[in-house]
Amino acid sequence: MIISMVTFLVLLFTGLPLYVNLGLTSFLYMFLTGTNPMVVVQRITQASNSFTMIAAPFFILMGNLMNTGGVTRKMFRFANVLVGTVPGGMGHANVLCSALFAGMSGTAVADAGGLGNIEIEAMREMGYDDDFSCAVTSASSVLGPIIPPSLPMVILAVTVGASVGRCFVGGIVPGILIAVALCSMVAYYANKRHYPRNTRPTLKVVWQAFKDAFFALLAPVILFAAIYTGVVTTTEAAIVAAFYSMIIGLVCYRDLKIRDIPKVMLSTCETTGVVLSIVMTANIFGYMLTIAQVPQMITNVLLGISNKVVFLLVINLFLLFVGCFMEGTAAILILAPILVPAMQAMGVSETQACLIMILNLMIGVITPPVGVVLYVTSNVAKVSANRVIKATIPFLVPLALVLLLVTYVPAITNFLPNLLYG
């Protein structure tokens, strides 16, 4: 086991694709222990044979269709009209738009890549510093996987056998708290640096912006209504949402062209392929850990901490550390079967445990050295990664405060699920 783990850590820093690393490490362990090779085939098949997991490519497709169909531009204009009149208005619009888009994309990278170009360019034209614009864009992208629908949440729920619906609903209040916390940070910088505010729009302008964004804003409403009324499952809702996104792009807004669809489909297939590759190889890696009884050893160590406050603090610090070096999906697949049951054993509800894990790992997407969103934002803005990293670090403070609230105030994640599901 030691040889396999050393190999995994060495390969992790070579830049090798994560799914290749997970696969090679697992194969090495099974070769050294004489495990039947057919186990590999069985585990790969088991990992990909999930009805709920079908939701993943359709949520990805939905986000890609929204980006290509010009929906993001209309949403940003609407958000800017609503909150642009306060100091640092475009920064607040950036956060609000990320919250709205989170109800469609479900991923942090889609948020940063889809909205980032529009938001940063608009803020640049209004005289905002590039560093600040990139920092707000990066930090607000964390909302993507917290506010439902959420691709990482689907993967986590499938991995631990949790209710996807409860996890989705449990993310609403934390998402709102993150948005408020980030807006507070924006207000601080706006007053300190004297950032501009927009002129107050007329009711006609507000109404026009709302009309332009109406069909886009209706997407998460349809999604939630379909899931929580029991009309469709989460997987079927993802399919409906993707179809709806295509219809509004082609028919309502007409910014999406038939010739764009093959490119959108190809992009979706590429992203889905990477996600499923990680899912399948992480399943083998998790099986390797199980054989070596690593989950049991870690659980015993954690449960040896009798103080719940200290226990949860250790979990958070560990996950934040992991998020600095490992991609979120892989971390979920490897660690969730270990940590979620351990948290439940300490009296934490399944929904709260899942949200604690998701929020920790999503903070990791804006934490160096592996924080992928930082590099996406850097590429979009044509600003050096070092500048983006330095500017984003202060925004980790409000995110950490919300993380502590989610960790130590169970009602934040449990109230709505208990209200809706009993």
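The following exchange goes through a predicted model and asks what its descriptions rest on.

Me: How do you know which residues and atoms count here?
Reply: In this predicted model local features need pLDDT of at least 70 and side-chain atom pairs count only at pLDDT 80 or more, while totals for chains, interfaces and linings use all residues. Residues are numbered from 1 along each chain as its sequence is written, and side-chain values use heavy atoms, with hydrogens and water left out.

Me: What makes up the protein chain in terms of helices and strands?
Reply: Helices (H or I, at least four residues) and strands (E, at least two) are DSSP runs, numbered from the N terminus, and on that basis the protein chain has 23 helices and zero strands.

Me: Why is the protein chain called as compact as a globular protein of its length?
Reply: The radius of gyration, taken over C-alpha atoms, is set against a globule rule of 2.2 Å times the number of residues to the power 0.38; because the value of 21 Å is close to the 22 Å given for 422 residues, the description holds.

Me: How do you know what span to expect of helix α14?
Reply: The expected span is 1.5 Å times one less than the number of residues, and α14 (residues 234–252), with 19 residues, reaches 25 Å from its first C-alpha to its last, close to the expected 27 Å.

Me: Why are residues of α14 such as Ala241 called buried, and what covers them?
Reply: Buried means under 20% relative accessible area (1.4 Å probe, protein chains only), and the residues of α14 that meet this include Ala241, Tyr244 and Ile248. Their cover, counted by contact (heavy atoms within 4.5 Å), includes α13 (203–228) and α15 (261–291).

Technical notes. Buried < 20%, exposed > 50% of the residue type's maximum accessible area, 1.4 Å probe, protein only.
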